[in-house]
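Me: Please take a close look at one part of this model, the interface between its two chains. I would like a connected account of what forms it and of the setting in which it lies.

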Number of protein chains: 2
Amino acid sequence: MTKKELIVLEDLLGTNKKIAADIRAALGARGILAVNLMSSPGAGKTSLLERIVERLKPRARLAVIEGDIETERDAERIRAKGVPAWQITTGGACHLEAKMIGKLLPAVDPDIAFLFIENVGNLVCPASYELGEHLRLVLLSTPEGDDKPKKYPKAFTTSDVLVLTKADLLPYLPFDVEKAKHEALELNPRLKVFVTSAVTGEGIEPLIDWLVERRGSLAGHA
Amino acid sequence: MTKKELIVLEDLLGTNKKIAADIRAALGARGILAVNLMSSPGAGKTSLLERIVERLKPRARLAVIEGDIETERDAERIRAKGVPAWQITTGGACHLEAKMIGKLLPAVDPDIAFLFIENVGNLVCPASYELGEHLRLVLLSTPEGDDKPKKYPKAFTTSDVLVLTKADLLPYLPFDVEKAKHEALELNPRLKVFVTSAVTGEGIEPLIDWLVERRGSLAGHA
């Protein structure tokens with residue numbers, strides 16, 4: 001990277017960080033817990049969200065922001081669950097940025113308890129851009145392989161939670177859950193780990209209970 | 001994106017394209033077919049390459065360049081097959097660039113017939129950077145879902161070949177091969193499609209035969 005490129009990138013990241021801090025503070029003051037979901041394409045972010053929103057909806061008001069390069073497909077899947085969802089299509093950009101979230105916020109019901117933001121499917125770039133979230137979840141699906149944390153470290157070092165997805169496929173794969181956990185925890189010992197399946201529902205309730213608890217401590221401090 | 005950012009990006013892409021064109025011409029003149037493999041993390045690029053190199057090695061001289069954010073793991077897997085491999089670790093960057101390949105080329109045996117380049121696992125950014133390849137392969141693994149081509153279109157519109165991987169998992173997944181093919185071909189009708197499994201070996205021989213044929217026509221024109 002040339003010096004000029006580096007300066008432009010640093011400007012961009014600095015501005016993004018400031019906007020993100022403002023969003024985080026504004027949402028926190030309202031008792032809204034913002035959750036940023038990151039993963040490779042097809043690791044199961046939308047499927048996990050479908051399971052979360054259908055179980056969390058009777059307990060709390062929710063909204064979802066979906067990020068994708070193209071198509072409204074993911075927002076439509078969430079709306080089909082009766083939860084308001086906005087689709088951001090980046091038109092090529094490989095990650096969401098805080099300003100995209102900031103633009104949408106005036107449209108979001110201010111009385112929600114949870115705002116879920118599904119990032120563009122990419123295990124690299126989204127890790128560098130805070131969106132104003134209180135919690136960052138990185139998903140790793142079992143078919144991707146248990147060697148991924150150290151190959152894509154930033155997604156794991158910057159996250160609060162590791163959600164192993166597609167646990168229902170474990171019988172057909174060489175994926176070693178303990179190895180993947182161990183590798184992720186070596187990078188980031190404060191990661192909270194959940195093993196889940198959107199097909200069988202495994203691990204979804206514990207994850208929801210934990211999110212509710214986290215939201216409780218947020219509201220308590222507001 | 002601001003105007004300044006856009007100018008820096010255009011400079012970068014323009015310079016990359018020129019370096020890539022030089023690499024392509026130099027390799028082509030020597031009868032070396034260069035193949036760039038792109039996909040999401042964990043879609044099976046290295047596993048596909050393992051199957052290709054063990055079967056192609058008795059027929060032709062090969063070399064492999066592996067791209068990753070961190071770790072030498074993939075190059076080690078290829079070397080274990082008795083094929084020379086170089087690892088480029090980008091240290092954070094989300095794609096390979098032509099200049100990285102250019103720096104390595106003096107070390108590569110000039111009498112090889114095939115140079116395989118495995119890009120960083122990312123279905124977005126690598127699509128914008130030519131590396132001097134003659135053929136670009138995009139891999140889509142069955143667990144990622146059949147809806148991915150239109151959500152990540154550039155990887156599919158800029159590729160010559162679509163390799164559907166992990167076909168052995170089809171009995172356990174809702175993946176519709178015809179739907180995925182159809183969606184990819186709508187984006188790019190000239191895509192050649194192979195359905196493969198690195199576990200069962202399905203589709204590997206037809207892919208190798210096709211690569212050998214493509215290399216033959218390259219040598220014929222050199």
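Reply: The account below begins with the extent of the interface, continues with its polar features and its composition, and ends with the chains themselves. The model is a predicted one, and every value is computed from it.

The size of an interface is often given as the accessible area lost when the parts come together. For chain B and chain A, that area is about 3000 Å², with 60% of it on carbon and sulfur atoms. Three residues of chain B stand out in this respect: B:Pro41, B:Arg73 and B:Lys151 supply 21% of the area that chain B buries against chain A, more than any other three residues. In terms of contacts, 37 residues of chain B meet 37 residues of chain A.

The interface also has charged and polar pairings. Six salt bridges are found across the interface of chain B and chain A. A salt bridge joins the side chains of A:Lys151 and B:Asp74, with a distance of 2.9 Å from N to O. Polar contact across the interface involves 10 residue pairs, with both residues at pLDDT 80 or more.

As to secondary structure, three helices of chain B, namely H1 (3-29), H3 (73-79) and H5 (148-151), each supply at least two residues of the side that touches chain A. The largest share of that side, five residues, comes from H1(B). Sorted by class, the side of chain B that touches chain A comprises 16 nonpolar, six polar and 15 charged residues.

The partner, chain A, contains eight helices and seven strands. Its radius of gyration is 17 Å, close to the 17 Å that the globule rule gives for 222 residues, so chain A is as compact as a globular protein of that length. Taken along the principal axes, the C-alpha atoms of chain A fill a box of roughly 50 × 45 × 35 Å. Of the 222 residues of chain A, 58% count as buried. Among the contacts in chain A with a separation of 6 or more, 72% are between residues 24 or more positions apart.

One further position in chain B may be described. B:Gly102 belongs to helix H4 of chain B, which covers residues 98-104. The relative accessible area of B:Gly102 is 28%, so this residue is partly exposed, a class that lies between the limits of 20% and 50%. B:Gly102 is 90 residues from B:Leu12 in sequence, and their C-alpha atoms are 15 Å apart in space.

Conventions. Residues numbered from 1 in each chain as written. Chains lettered and ligands numbered in written order. Predicted model: local features only at pLDDT ≥ 70, side-chain atom pairs only at ≥ 80, totals over all residues. Heavy atoms only, no water. Contact = heavy atoms within 4.5 Å. Buried area = accessible area lost by both parts, 1.4 Å probe. Salt bridge = Lys/Arg side-chain N within 4 Å of Asp/Glu carboxyl O. Polar contact = N/O pair within 3.5 Å; in protein donor to acceptor, adjacent residues only side chain to side chain. Helix = DSSP H or I, 4+ residues; strand = E, 2+ residues; numbered from the N terminus. Nonpolar A, V, L, I, M, F, W, Y, C, P; charged D, E, K, R; others polar. Rg over C-alpha atoms; globule rule 2.2 N^0.38 Å. Buried < 20%, exposed > 50% of the residue type's maximum accessible area, 1.4 Å probe, protein only.
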